[in-house]
Structures are given as structure tokens and as C-alpha cells.
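Visitor: Before we start, I would like to go through the labels used for this structure and hear the reason for each.

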Amino acid sequence: MDSDLELVWTYFRHFFPEFTTNHVCVYKLLWRIEPISSEKIIEQSKLAKSTVYNALNDLINAGL
């Protein structure tokens with residue numbers, strides 16, 4: 001886990017304890033000024049397609 005991801009995880013897990021580091025990884029990739037496609041998230045995160053789509057769905061349901 002890189003240092004940025006670890007820092008985000010430190011705070012994120014207190015507000016959303018049910019989320020995993022995969023959620024944080026996807027969330028961090030969404031912090032861009034320009035839009036990012038799900039295919040780019042899959043490519044950059046190196047997570048499985050189903051993992052990314054599940055994380056995106058969970059983040060949307062959490063209002064993030």
C-alpha cells in the first residue's frame with residue numbers, strides 16, 4: 001500500500017468501517033479533476049473488474 005493510500009485509509013476506515021482498502025483505492029482514483037472511466041480505474045488500480053464495479057457501487061450507495 002502506498003503512503004497516500006495508507007493516509008486516506010487511516011481516515012476513511014473510521015467513517016466507513018465496512019469498506020476495504022479496495023474501496024479506498026478506487027475512491028482515491030476518483031479524486032481527479034477530469035473524469036475517469038471505469039476501464040481506467042481497473043487498469044490503474046490493478047484490481048479485478050468485478051472488484052472495481054462492486055467498490056464503485058458501494059461508494060455510490062454511501063453517497064460518495
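Guide: The following exchange takes the labels in turn, for a model that is predicted.

Visitor: Why are helix H2 and helix H4 called roughly perpendicular?

Guide: Helix H2, residues 21-29, packs against helix H4, residues 49-61, at an angle of about 80°. Angles of 65 to 115 degrees count as roughly perpendicular. H2 and H4 are therefore given that label. Their axes are 9 Å apart.

Visitor: Which residues of H2 and H4 meet?

Guide: From H2 there are Asn22, His23, Val26 and Tyr27. From H4 there are Thr51, Val52, Ala55, Leu56, Asp58 and Leu59. Sorted by class, this contact has six nonpolar, three polar and one charged residues.

Visitor: What makes histidine 23 count as buried?

Guide: Buried means under 20% relative accessible area. Histidine 23 has 9% relative accessibility, so the label buried applies. This residue sits in helix H2. With neighbours within four places in sequence set aside, histidine 23 is in contact with Phe12, Ala55, Asp58 and Leu59.

Visitor: What makes leucine 56 buried?

Guide: The cut-off is again under 20%. The relative accessible area of leucine 56 is 17%, and therefore leucine 56 is buried. Leucine 56 belongs to helix H4. Its contacts, leaving out neighbours within four places in sequence, are Val26, Leu30, Ser38 and Ile41.

Visitor: How far apart are leucine 56 and histidine 23 in sequence and in space?

Guide: They are 33 residues apart in sequence, and their C-alpha atoms are 7.6 Å apart in space.

Visitor: How do you know that the buried residues of H4 line one face of the helix?

Guide: The buried residues of H4 are Val52, Ala55, Leu56 and Leu59. Looking down the axis of H4, these buried residues fall within an arc of 100°, so they line one face. An α-helix has 3.6 residues a turn, so residues three or four places apart point the same way.

Visitor: What covers the buried residues of H4?

Guide: The cover includes helix H1 (3-15), H2 and helix H3 (38-45).

Visitor: How does the span of H4 compare with the one expected?

Guide: H4 has 13 residues, and the distance from its first C-alpha to its last is 18 Å. At 1.5 Å a residue the expected value is 18 Å, and the span is close to that.

Visitor: Why is H3 said to have its buried residues on one face?

Guide: In H3 the buried residues are Ser38, Ile41, Ile42 and Ser45. Down the axis of H3 they fall within an arc of 100°, so they line one face of the helix. Glu39 and Glu43 are exposed on the other side of H3. H2 and H4 are among the elements that cover the buried residues of H3.

Visitor: What makes lysine 46 count as exposed?

Guide: Exposed means over 50% relative accessible area. Lysine 46 is at 73%, so lysine 46 counts as exposed. Its place is the loop between H3 and H4.

Visitor: What is noted about the phi of lysine 46?

Guide: The value is near 60°, which is positive, in a residue other than glycine. Lysine 46 comes just after H3. Glycine 63, just after H4, also takes a positive phi, of about 85°.

Visitor: Why is phenylalanine 16 called buried?

Guide: The relative accessible area of phenylalanine 16 is 18%. Buried means under 20%. Phenylalanine 16 is therefore buried, and its place is in the loop between H1 and H2. Without its neighbours within four places in sequence, phenylalanine 16 is in contact with Ala62 and Leu64.

Visitor: How far is phenylalanine 16 from lysine 28?

Guide: The two are 12 residues apart in sequence and 14 Å apart in space, C-alpha to C-alpha.

Key: Residues are numbered from 1 along each chain as its sequence is written. This is a predicted model: local features need pLDDT of at least 70, side-chain atom pairs count only at pLDDT 80 or more; totals for chains, interfaces and linings use all residues. Side-chain values use heavy atoms; hydrogens and water are left out. Axes are lines fitted to C-alpha atoms, for helices over the stretch in contact, and angles run from 0 to 180 degrees between N-to-C directions. Helices (H or I, at least four residues) and strands (E, at least two) are DSSP runs, numbered from the N terminus. Angles under 35 degrees count as roughly parallel, over 145 as roughly antiparallel, 65 to 115 as roughly perpendicular and the rest as oblique. Contact means heavy atoms within 4.5 Å. Ala, Val, Leu, Ile, Met, Phe, Trp, Tyr, Cys and Pro count as nonpolar, Asp, Glu, Lys and Arg as charged, and the others, Gly among them, as polar. Buried means under 20% relative accessible area, exposed over 50%, partly exposed in between (1.4 Å probe, protein chains only). The expected span of a helix is 1.5 Å times one less than its number of residues. The arc is that of the directions from the helix axis to the C-beta atoms.
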